[in-house]
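Hi everyone, thanks for making time this morning. I'd like to walk you through one model, from the overall picture down to a handful of residues.

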Amino acid sequence: MATSTTPEKIIIDTDPGIDDAMAIAFALLNPDIELLGLTSAFGNVTIDVATRNALALVEMAEMECPVARGAGAPLVQEPHPVADFVHGAEGFGTVEAMMPQREEDPRPAHEFICDQVNAAPGDVVLCPVGPLTNLALALRHDPGIAKKVKAVHVMGASLKEGGNATEFAEANIWQDPHAAEIVLAADWDVRLIGLDVTHRVTCHTPDFESLAEAAPILGGFLNEAVQFYFDFHEKVDGFHGCYMHDPTAVISIIRPDLFSFDEAPVGVIVEGERAGETVLGHGSSGRPAKWASKVDVAAVKDVFLSTIRSGF
Ligand code: RIB
Ligand code: CA
């Protein structure tokens, strides 16, 4: 059951990516979300592959949803290598590259974000599920958007859980810590949906088999893509399944009641071996962020699975 009657206007900034594909499929199918657009980010894959994959997902879902290309590299540091060992060479495990017919939006991602926010002040929720470069560029391009955005639900950070990209850092923050610092310092309502909760939300073989059965196109695609992700988690995390990072962040927008949020300044370490680490109480701006500390795992899974099962 949704908490709101008017669908939430959302932009997902994404580096698809297997769990990104889950988040996008969820947002395209869920009636409580009006997906204003996807903006692509480098990260799990290159910016070319991310943009192509975002277009391919929209096309597969037979939806109208603009896709705007984002930055191809971090603000300051050199890009890290793509995460092909996590998401596969083309981003969706062993699924072959899809060649969408759809065209990109002509605007760069940061301009697309600013235009959408300015067109609906107070209504738009930004949901970055990749590096935060595009959001930092949008703030630079038009600092006034900070006051007009409804909220920013970031899949990123780890306050008490340790890292996944390194011992210290969560992957999305680690990919562009300077951008994360800018986003955390801006005058907007930031919610961090980090490893503290996404490491609690896991899915396994029967979950995705049920999706393939109920929704052969979208669920079948996710079930195929996720096998590679399962293998990665088995090797690295010791369980045959996967964390549901990016869909959990999207679900936090329409079902915040399923999360507990703590509030504290959050700093980002931008250099050295701890680069990308997020630190409680050390915000450079002193601005508090809300970070998710607890999650109703069964309910989040149910919202995700029932939404994808309603697809085709
Ligand atoms: O740390 C998890 C995040 O890193 C997810 O967004 C995943 O897609 C990867 O980018
Ligand atoms: Ca991602």
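Before I count anything: helices here are DSSP runs of H or I with at least four residues, strands are runs of E with at least two, and both are numbered from the N terminus. Counted that way, the protein chain has 13 helices and 11 strands. Please keep in mind throughout that this is a predicted model.

Let's begin with the whole chain. For 312 residues, a compact globule would have a radius of gyration near 20 Å, and the 17 Å of this chain agrees with that. If you lay the C-alpha trace along its principal axes, it spans about 50 × 45 × 40 Å. Of the 312 residues, 60% count as buried. Looking at contacts with a separation of 6 or more, 81% of them come from residues 24 or more positions apart.

A word on the outside. The accessible surface comes to about 11,900 Å², and carbon and sulfur atoms hold 51% of it. As for charges, there are 20 positive and 46 negative ones, and their mean positions are 7 Å apart.

Now for some individual places. I'll begin with strand β4, residues 124-128, where we find V124. Is V124 buried or exposed? Its relative accessibility is 0%, so V124 counts as buried. Leaving out neighbours within four places in sequence, V124 is in contact with K9, I11, L36, Q116, V117, V149, K150 and A151. V124 and L35 are 89 residues apart in sequence, yet their C-alpha atoms are 9.9 Å apart in space.

Next, please find helix α5, residues 133-141, in your viewers. This helix is mostly covered, with seven of its nine residues buried. The buried ones are T133, N134, L135, A136, L137, A138 and L139. Let me pick out A138 from that helix, because its relative accessible area is 0%, which makes it buried. Which residues does A138 touch, if we leave aside those within four places in sequence? They are H110, I113, C114 and I145. The C-alpha atoms of A138 and E111 are separated by 6.5 Å, although the two residues are 27 apart along the chain.

Moving on to strand β8, residues 242-243, we meet C242. C242 is also a buried residue, because its relative accessibility is 0%. Its contacts, again without neighbours within four places, are M22, V201, T202, C203, F208, V226, Y229, F230 and H233. C242 lies 37 residues from T205 in sequence, and 9.4 Å from it in space, C-alpha to C-alpha.

A little further along comes helix α12, residues 245-254. How many of its 10 residues are buried? The count is 10 of 10, so to speak a full house. Among them are H245, D246, P247 and T248.

I also want to show you D207, which sits in helix α10, residues 205-214. An acidic side chain invites the question: is D207 buried or exposed? D207 is buried, because its relative accessible area is 14% and the cut-off for buried is under 20%. Its side chain reaches the backbone nitrogen of H204 at 2.8 Å. Beyond residues up to four places away in sequence, D207 touches K301 and L305.

Let me finish with the backbone. Most residues other than glycine have a negative phi, and most peptide bonds are trans. Against that background, three places deserve a look.

The peptide bond from P16 to G17 is cis, with omega near -10°. G17 itself is in the loop between β1 (8-14) and α1 (18-29).

Then there is E62, which is not a glycine but has a positive phi, near 55°. You'll find E62 in the loop between α2 (47-60) and β3 (67-68). With a relative accessible area of 62%, E62 is exposed.

And the last one is A157, another residue that is not a glycine, with a positive phi of about 85°. A157 belongs to the loop between β5 (151-155) and α7 (171-175). What does its accessibility tell us, buried or exposed? At 1% relative accessibility, A157 counts as buried, whereas E62 is exposed.

That's my tour. Thanks for listening, and I'm happy to go back to any of these places with you.

Notes:
Residues numbered from 1 in each chain as written. Chains lettered and ligands numbered in written order. Predicted model: local features only at pLDDT ≥ 70, side-chain atom pairs only at ≥ 80, totals over all residues. Heavy atoms only, no water. Rg over C-alpha atoms; globule rule 2.2 N^0.38 Å. Buried < 20%, exposed > 50% of the residue type's maximum accessible area, 1.4 Å probe, protein only. Contact = heavy atoms within 4.5 Å. Areas by Shrake-Rupley, 256 points an atom, 1.4 Å probe, with all protein chains shown as cover. Lys, Arg positive; Asp, Glu negative; His and termini not counted. Charge placed at Lys NZ, Arg CZ, Asp CG, Glu CD. Polar contact = N/O pair within 3.5 Å; in protein donor to acceptor, adjacent residues only side chain to side chain.
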